[in-house]
Amino acid sequence: MKRYMEIRGWLMLFFFACLLVSSFGRELKLMEYKTNSSFVYNHTFAIVMVEYASAVYISDMTALFTWTCSRCHGLTEGFEVVQLVVDVESCLQSYVGVAKDPQAIIIAFRGTRGTSIQNWIEDLFWKQLDLDYPGMAGAKVHSGFYRAYHCTTVRPAILNAVKEAKEAYGDLDIIVTGHSMGGAIAAFCAFDLIVNHNVSNVQVVTFGQPRIGNAAFASYYSKYLPKTIRVTHGHDIVPHLPPYFSMLPRKTYHHFPREVWLQDTSSKSTCLALNHETVCDDSGEDPDCSRSVVGNSIQDHLSYYGVEFPTDDPGTCWIVMDPLLVEYGSTDSEGNVILFKNPATSILGQTADTK
(Lines give C-alpha, C1' and ligand atoms only; values in the text may rest on other atoms or scores of the structure.)
Protein backbone atom coordinates (compact mmCIF):
# COMPACT_ATOMS: atom_id res chain seq x y z
CA MET A 1 0.00 0.00 0.00
CA LYS A 2 2.85 2.42 0.81
CA ARG A 3 4.43 1.83 -2.60
CA TYR A 4 1.03 2.28 -4.23
CA MET A 5 0.49 5.62 -2.48
CA GLU A 6 3.95 6.87 -3.55
CA ILE A 7 3.24 6.03 -7.18
CA ARG A 8 -0.20 7.59 -6.92
CA GLY A 9 1.32 10.79 -5.53
CA TRP A 10 3.72 11.15 -8.45
CA LEU A 11 0.95 10.43 -10.92
CA MET A 12 -1.25 13.10 -9.34
CA LEU A 13 1.60 15.61 -9.60
CA PHE A 14 2.11 14.78 -13.27
CA PHE A 15 -1.61 14.95 -14.00
CA PHE A 16 -1.91 18.30 -12.21
CA ALA A 17 0.99 19.73 -14.25
CA CYS A 18 -0.66 18.63 -17.50
CA LEU A 19 -3.93 20.30 -16.53
CA LEU A 20 -2.13 23.50 -15.60
CA VAL A 21 -0.26 23.67 -18.90
CA SER A 22 -3.37 22.96 -20.95
CA SER A 23 -5.26 25.79 -19.24
CA PHE A 24 -2.81 28.56 -20.13
CA GLY A 25 -3.98 31.03 -22.76
CA ARG A 26 -7.58 29.84 -22.70
CA GLU A 27 -10.67 31.70 -21.66
CA LEU A 28 -12.80 29.10 -19.96
CA LYS A 29 -16.54 29.44 -20.34
CA LEU A 30 -17.81 26.67 -18.11
CA MET A 31 -20.44 27.52 -15.52
CA GLU A 32 -19.36 28.55 -12.06
CA TYR A 33 -20.50 26.21 -9.33
CA LYS A 34 -23.83 27.16 -7.75
CA THR A 35 -25.79 25.23 -5.19
CA ASN A 36 -29.40 24.67 -4.25
CA SER A 37 -28.79 22.10 -1.54
CA SER A 38 -31.11 22.42 1.46
CA PHE A 39 -31.61 18.83 2.57
CA VAL A 40 -31.40 18.24 6.32
CA TYR A 41 -29.34 15.24 7.37
CA ASN A 42 -31.11 12.59 9.44
CA HIS A 43 -28.91 10.00 11.14
CA THR A 44 -31.66 7.41 11.57
CA PHE A 45 -32.65 7.70 7.92
CA ALA A 46 -29.04 7.19 6.84
CA ILE A 47 -28.73 4.09 9.04
CA VAL A 48 -31.75 2.59 7.29
CA MET A 49 -30.47 3.43 3.81
CA VAL A 50 -27.05 1.88 4.35
CA GLU A 51 -28.84 -1.43 4.97
CA TYR A 52 -30.54 -1.19 1.57
CA ALA A 53 -27.26 -0.20 -0.09
CA SER A 54 -25.49 -3.23 1.38
CA ALA A 55 -28.27 -5.73 0.61
CA VAL A 56 -27.90 -5.23 -3.15
CA TYR A 57 -24.49 -6.96 -2.99
CA ILE A 58 -26.20 -10.30 -2.29
CA SER A 59 -25.53 -12.82 -5.08
CA ASP A 60 -28.36 -15.16 -4.08
CA MET A 61 -31.15 -13.88 -6.32
CA THR A 62 -33.79 -16.00 -4.58
CA ALA A 63 -32.98 -14.60 -1.13
CA LEU A 64 -32.82 -11.06 -2.48
CA PHE A 65 -35.96 -11.24 -4.62
CA THR A 66 -37.99 -12.69 -1.74
CA TRP A 67 -36.22 -10.39 0.76
CA THR A 68 -35.16 -13.27 3.00
CA CYS A 69 -31.39 -12.71 2.80
CA SER A 70 -29.15 -12.30 5.84
CA ARG A 71 -29.23 -8.51 5.43
CA CYS A 72 -32.99 -8.37 4.70
CA HIS A 73 -34.28 -7.91 8.23
CA GLY A 74 -34.36 -5.45 11.11
CA LEU A 75 -34.59 -1.90 9.79
CA THR A 76 -35.67 -3.08 6.33
CA GLU A 77 -38.25 -5.62 7.43
CA GLY A 78 -41.39 -5.61 5.32
CA PHE A 79 -39.66 -4.37 2.18
CA GLU A 80 -41.14 -5.83 -1.00
CA VAL A 81 -38.96 -6.20 -4.08
CA VAL A 82 -40.76 -5.35 -7.30
CA GLN A 83 -37.88 -5.86 -9.70
CA LEU A 84 -34.36 -7.24 -9.64
CA VAL A 85 -32.04 -6.69 -12.61
CA VAL A 86 -28.58 -8.12 -13.26
CA ASP A 87 -26.58 -6.89 -16.24
CA VAL A 88 -24.05 -9.72 -16.46
CA GLU A 89 -22.15 -8.17 -19.36
CA SER A 90 -21.37 -5.03 -17.33
CA CYS A 91 -21.46 -6.80 -13.94
CA LEU A 92 -24.17 -4.49 -12.58
CA GLN A 93 -26.99 -5.29 -10.18
CA SER A 94 -29.95 -3.28 -8.95
CA TYR A 95 -33.35 -3.68 -7.37
CA VAL A 96 -36.53 -1.63 -7.07
CA GLY A 97 -39.02 -2.15 -4.27
CA VAL A 98 -41.43 -0.56 -1.84
CA ALA A 99 -40.70 0.05 1.84
CA LYS A 100 -43.00 0.44 4.81
CA ASP A 101 -40.77 2.86 6.68
CA PRO A 102 -39.94 5.16 5.08
CA GLN A 103 -43.00 4.83 2.85
CA ALA A 104 -41.19 5.09 -0.44
CA ILE A 105 -40.03 3.36 -3.58
CA ILE A 106 -36.38 2.43 -3.07
CA ILE A 107 -33.87 1.88 -5.86
CA ALA A 108 -30.48 0.43 -4.95
CA PHE A 109 -27.37 -0.16 -7.06
CA ARG A 110 -24.47 -2.46 -6.31
CA GLY A 111 -20.93 -1.12 -6.21
CA THR A 112 -17.71 -2.36 -7.74
CA ARG A 113 -17.53 -6.04 -8.55
CA GLY A 114 -15.90 -8.23 -11.16
CA THR A 115 -12.40 -6.87 -10.64
CA SER A 116 -10.18 -6.23 -7.67
CA ILE A 117 -11.15 -3.06 -5.85
CA GLN A 118 -7.56 -1.79 -5.87
CA ASN A 119 -7.38 -2.05 -9.66
CA TRP A 120 -10.69 -0.20 -9.91
CA ILE A 121 -9.41 2.55 -7.61
CA GLU A 122 -6.24 2.94 -9.67
CA ASP A 123 -8.37 3.23 -12.80
CA LEU A 124 -10.49 5.94 -11.14
CA PHE A 125 -7.47 8.24 -11.02
CA TRP A 126 -7.31 8.46 -14.82
CA LYS A 127 -11.00 8.89 -15.63
CA GLN A 128 -11.46 12.02 -17.73
CA LEU A 129 -14.38 14.39 -18.19
CA ASP A 130 -15.01 13.15 -21.72
CA LEU A 131 -18.77 13.44 -22.24
CA ASP A 132 -21.09 16.46 -22.47
CA TYR A 133 -24.24 15.71 -20.49
CA PRO A 134 -27.14 15.98 -22.99
CA GLY A 135 -29.09 19.22 -22.72
CA MET A 136 -26.93 20.70 -19.96
CA ALA A 137 -24.65 23.48 -21.25
CA GLY A 138 -21.13 23.18 -19.87
CA ALA A 139 -21.87 20.02 -17.89
CA LYS A 140 -19.28 17.30 -18.42
CA VAL A 141 -19.19 13.82 -16.92
CA HIS A 142 -17.16 10.67 -17.30
CA SER A 143 -18.61 8.50 -20.07
CA GLY A 144 -18.00 5.24 -18.19
CA PHE A 145 -20.11 6.31 -15.21
CA TYR A 146 -22.80 7.72 -17.50
CA ARG A 147 -23.04 4.64 -19.72
CA ALA A 148 -23.09 2.21 -16.79
CA TYR A 149 -26.62 3.48 -16.20
CA HIS A 150 -27.80 4.88 -19.53
CA CYS A 151 -26.42 2.26 -21.93
CA THR A 152 -27.15 -1.04 -20.19
CA THR A 153 -30.24 -3.13 -19.42
CA VAL A 154 -30.44 -1.38 -16.06
CA ARG A 155 -32.08 1.87 -17.17
CA PRO A 156 -35.17 0.55 -19.05
CA ALA A 157 -35.75 -2.04 -16.34
CA ILE A 158 -35.61 0.58 -13.58
CA LEU A 159 -37.92 2.99 -15.40
CA ASN A 160 -40.47 0.23 -15.99
CA ALA A 161 -40.37 -0.89 -12.36
CA VAL A 162 -40.85 2.67 -11.09
CA LYS A 163 -43.85 3.10 -13.39
CA GLU A 164 -45.43 -0.16 -12.21
CA ALA A 165 -44.78 0.60 -8.54
CA LYS A 166 -46.33 4.07 -8.81
CA GLU A 167 -49.41 2.64 -10.53
CA ALA A 168 -49.83 0.08 -7.74
CA TYR A 169 -48.90 2.13 -4.66
CA GLY A 170 -49.60 5.70 -5.66
CA ASP A 171 -47.28 8.67 -5.99
CA LEU A 172 -44.75 7.66 -3.36
CA ASP A 173 -41.41 9.38 -2.84
CA ILE A 174 -38.43 7.73 -4.53
CA ILE A 175 -35.15 7.14 -2.70
CA VAL A 176 -32.11 6.11 -4.73
CA THR A 177 -29.05 4.67 -3.01
CA GLY A 178 -25.79 2.90 -3.67
CA HIS A 179 -22.27 2.36 -2.40
CA SER A 180 -19.05 3.08 -4.30
CA MET A 181 -19.65 2.76 -8.06
CA GLY A 182 -23.26 2.00 -7.12
CA GLY A 183 -23.47 5.51 -5.67
CA ALA A 184 -22.30 7.01 -8.96
CA ILE A 185 -24.94 5.05 -10.88
CA ALA A 186 -27.57 6.01 -8.29
CA ALA A 187 -26.80 9.70 -8.88
CA PHE A 188 -27.23 9.34 -12.65
CA CYS A 189 -30.45 7.38 -12.15
CA ALA A 190 -31.98 10.01 -9.87
CA PHE A 191 -30.93 12.81 -12.23
CA ASP A 192 -32.48 10.93 -15.15
CA LEU A 193 -35.78 10.46 -13.30
CA ILE A 194 -36.03 14.18 -12.54
CA VAL A 195 -34.72 15.71 -15.77
CA ASN A 196 -35.88 13.27 -18.44
CA HIS A 197 -38.99 11.68 -16.94
CA ASN A 198 -40.51 14.48 -14.84
CA VAL A 199 -40.57 12.37 -11.69
CA SER A 200 -40.92 14.43 -8.51
CA ASN A 201 -39.97 13.84 -4.88
CA VAL A 202 -36.67 12.05 -5.51
CA GLN A 203 -34.05 11.74 -2.76
CA VAL A 204 -30.53 10.36 -2.97
CA VAL A 205 -28.28 8.82 -0.32
CA THR A 206 -24.91 7.43 -1.41
CA PHE A 207 -21.97 5.96 0.48
CA GLY A 208 -18.33 6.23 -0.56
CA GLN A 209 -19.23 7.61 -3.96
CA PRO A 210 -16.57 8.84 -6.44
CA ARG A 211 -16.84 12.17 -8.26
CA ILE A 212 -18.83 11.86 -11.49
CA GLY A 213 -18.79 15.28 -13.19
CA ASN A 214 -17.49 18.82 -13.28
CA ALA A 215 -18.65 21.93 -11.38
CA ALA A 216 -21.27 22.76 -14.01
CA PHE A 217 -22.80 19.30 -13.69
CA ALA A 218 -22.71 19.57 -9.88
CA SER A 219 -24.62 22.86 -10.16
CA TYR A 220 -27.34 21.30 -12.31
CA TYR A 221 -27.47 18.31 -10.02
CA SER A 222 -27.86 20.48 -6.92
CA LYS A 223 -30.62 22.46 -8.62
CA TYR A 224 -32.71 19.42 -9.52
CA LEU A 225 -31.82 17.15 -6.60
CA PRO A 226 -31.37 19.27 -3.46
CA LYS A 227 -32.45 16.33 -1.30
CA THR A 228 -29.14 14.53 -1.62
CA ILE A 229 -26.82 13.18 1.06
CA ARG A 230 -23.38 11.92 0.05
CA VAL A 231 -21.86 10.05 3.01
CA THR A 232 -18.08 9.68 3.29
CA HIS A 233 -16.07 7.81 5.92
CA GLY A 234 -12.73 8.65 7.48
CA HIS A 235 -9.91 8.28 4.97
CA ASP A 236 -12.01 6.44 2.38
CA ILE A 237 -10.01 6.78 -0.82
CA VAL A 238 -12.88 6.60 -3.33
CA PRO A 239 -14.57 9.99 -2.60
CA HIS A 240 -11.17 11.57 -3.35
CA LEU A 241 -11.32 10.21 -6.90
CA PRO A 242 -11.21 11.16 -9.70
CA PRO A 243 -8.98 13.97 -8.39
CA TYR A 244 -10.19 17.47 -7.55
CA PHE A 245 -7.77 20.37 -8.08
CA SER A 246 -8.85 23.53 -6.24
CA MET A 247 -6.55 25.70 -8.38
CA LEU A 248 -8.35 24.57 -11.55
CA PRO A 249 -12.02 24.57 -10.48
CA ARG A 250 -13.34 24.71 -14.03
CA LYS A 251 -11.11 21.97 -15.37
CA THR A 252 -11.59 19.32 -12.75
CA TYR A 253 -14.14 16.97 -11.23
CA HIS A 254 -16.38 18.46 -8.54
CA HIS A 255 -18.59 16.70 -5.98
CA PHE A 256 -22.20 17.77 -5.56
CA PRO A 257 -23.50 18.45 -2.03
CA ARG A 258 -24.31 17.62 0.64
CA GLU A 259 -21.50 15.61 2.16
CA VAL A 260 -21.77 14.03 5.60
CA TRP A 261 -18.35 12.96 6.85
CA LEU A 262 -18.13 10.07 9.33
CA GLN A 263 -15.06 10.00 11.56
CA ASP A 264 -13.97 7.20 13.86
CA THR A 265 -12.48 8.61 17.06
CA SER A 266 -11.70 7.23 20.48
CA SER A 267 -12.03 8.63 23.98
CA LYS A 268 -8.89 8.37 26.11
CA SER A 269 -10.93 8.71 29.29
CA THR A 270 -13.38 5.90 28.52
CA CYS A 271 -11.34 3.87 26.00
CA LEU A 272 -14.48 3.67 23.87
CA ALA A 273 -14.73 4.08 20.11
CA LEU A 274 -16.81 7.12 19.16
CA ASN A 275 -18.40 8.06 15.86
CA HIS A 276 -18.43 11.71 14.89
CA GLU A 277 -20.59 12.99 12.05
CA THR A 278 -19.93 16.31 10.31
CA VAL A 279 -22.59 17.84 8.09
CA CYS A 280 -20.49 19.70 5.53
CA ASP A 281 -21.13 22.95 3.69
CA ASP A 282 -23.08 23.23 0.45
CA SER A 283 -20.05 23.58 -1.83
CA GLY A 284 -19.69 19.86 -2.44
CA GLU A 285 -15.95 20.25 -1.79
CA ASP A 286 -15.85 21.38 1.84
CA PRO A 287 -12.13 21.66 2.75
CA ASP A 288 -12.98 20.89 6.39
CA CYS A 289 -14.57 17.52 5.67
CA SER A 290 -13.12 14.47 3.94
CA ARG A 291 -10.88 16.72 1.82
CA SER A 292 -9.09 17.74 5.02
CA VAL A 293 -7.47 14.29 5.25
CA VAL A 294 -5.53 12.04 2.90
CA GLY A 295 -7.75 9.57 1.09
CA ASN A 296 -5.74 6.37 1.41
CA SER A 297 -7.98 3.75 3.03
CA ILE A 298 -9.76 0.89 1.32
CA GLN A 299 -10.88 -0.39 4.73
CA ASP A 300 -12.81 2.83 5.42
CA HIS A 301 -14.41 2.45 1.99
CA LEU A 302 -15.79 -0.95 2.91
CA SER A 303 -17.42 0.08 6.20
CA TYR A 304 -20.20 2.62 6.77
CA TYR A 305 -22.14 3.05 10.03
CA GLY A 306 -20.74 -0.30 11.15
CA VAL A 307 -22.13 -2.08 8.08
CA GLU A 308 -19.47 -4.03 6.22
CA PHE A 309 -19.57 -4.09 2.43
CA PRO A 310 -18.25 -7.25 0.79
CA THR A 311 -15.18 -7.54 -1.40
CA ASP A 312 -14.72 -9.96 -4.26
CA ASP A 313 -11.85 -11.80 -5.86
CA PRO A 314 -10.77 -10.56 -9.29
CA GLY A 315 -12.91 -11.79 -12.13
CA THR A 316 -15.94 -12.78 -10.07
CA CYS A 317 -19.35 -11.75 -11.35
CA TRP A 318 -21.82 -14.49 -10.57
CA ILE A 319 -25.33 -15.05 -9.27
CA VAL A 320 -27.25 -17.95 -7.76
CA MET A 321 -30.95 -18.38 -8.57
CA ASP A 322 -33.61 -20.96 -7.79
CA PRO A 323 -35.14 -22.41 -11.00
CA LEU A 324 -38.57 -21.65 -9.53
CA LEU A 325 -37.91 -17.94 -10.12
CA VAL A 326 -37.90 -18.45 -13.88
CA GLU A 327 -41.63 -17.67 -14.02
CA TYR A 328 -40.86 -14.17 -12.69
CA GLY A 329 -38.09 -13.33 -15.08
CA SER A 330 -36.47 -13.22 -18.44
CA THR A 331 -32.93 -13.72 -19.68
CA ASP A 332 -31.62 -12.19 -22.90
CA SER A 333 -28.96 -13.51 -25.28
CA GLU A 334 -26.21 -11.85 -23.21
CA GLY A 335 -27.30 -13.63 -20.04
CA ASN A 336 -28.75 -10.49 -18.42
CA VAL A 337 -31.51 -11.31 -15.93
CA ILE A 338 -34.62 -9.33 -15.04
CA LEU A 339 -36.95 -10.62 -12.33
CA PHE A 340 -40.25 -8.77 -12.04
CA LYS A 341 -43.07 -9.26 -9.56
CA ASN A 342 -46.35 -7.52 -10.30
CA PRO A 343 -47.09 -5.42 -7.19
CA ALA A 344 -50.70 -6.53 -6.87
CA THR A 345 -51.10 -5.92 -3.13
CA SER A 346 -49.76 -2.94 -1.24
CA ILE A 347 -47.63 -3.67 1.82
CA LEU A 348 -48.44 -0.16 2.99
CA GLY A 349 -51.97 -1.10 3.93
CA GLN A 350 -53.39 0.49 0.80
CA THR A 351 -55.44 -1.19 -1.89
CA ALA A 352 -53.56 -1.32 -5.13
CA ASP A 353 -55.31 0.09 -8.13
CA THR A 354 -55.83 -2.40 -10.90
CA LYS A 355 -55.00 -1.54 -14.44
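Colleague: How many helices and strands does the secondary structure of the protein chain come to?

Modeller: Keep in mind that this is a predicted model. Counting up the secondary structure of the protein chain gives 8 helices and 14 strands.

Colleague: And what share of the residues in the protein chain is buried?

Modeller: Buried here means under 20% relative accessible area. The protein chain has 355 residues, and the buried share is 55%.

Colleague: Which residues of helix H4 are buried, and on which side of H4 do they sit?

Modeller: H4 covers residues 117-124, and its buried residues are Ile117, Trp120, Ile121 and Leu124. They span an arc of only 100 degrees around the axis, so they lie on the same side of H4.

Colleague: Which helix gives the largest share of the largest nonpolar core?

Modeller: That core has 57 residues, and those touching the most other members are Ile107, Phe109, Tyr133, Ile174, Val176, Phe188 and Phe217. The largest share is 11 residues, and it comes from residues 181-197, helix H7.

Colleague: Leaving aside neighbours within four places in sequence, what is Val176 in contact with?

Modeller: Val176 is among the core residues that touch the most other members. With those sequence neighbours set aside, its contacts are Ala186, Cys189, Ala190, Val202, Gln203, Val204, Val205, Ile107 and Phe109.

Colleague: How many residues are in the second, separate core?

Modeller: Val56, Leu64, Cys72 and Val307 are included in it. The size of this second core is 42 residues.

Colleague: Of the contacts between residues at least 6 apart in sequence, what percentage joins residues at least 24 apart?

Modeller: A contact needs heavy atoms within 4.5 Å. Among the contacts at least 6 apart in the protein chain, the part joining residues at least 24 apart is 75%.

Terms used
Residues numbered from 1 in each chain as written. Predicted model: local features only at pLDDT ≥ 70, side-chain atom pairs only at ≥ 80, totals over all residues. Heavy atoms only, no water. Helix = DSSP H or I, 4+ residues; strand = E, 2+ residues; numbered from the N terminus. Buried < 20%, exposed > 50% of the residue type's maximum accessible area, 1.4 Å probe, protein only. Arc of directions from axis to C-beta. Core = buried A, V, L, I, M, F, W, Y, C linked by side-chain atoms within 4.5 Å.
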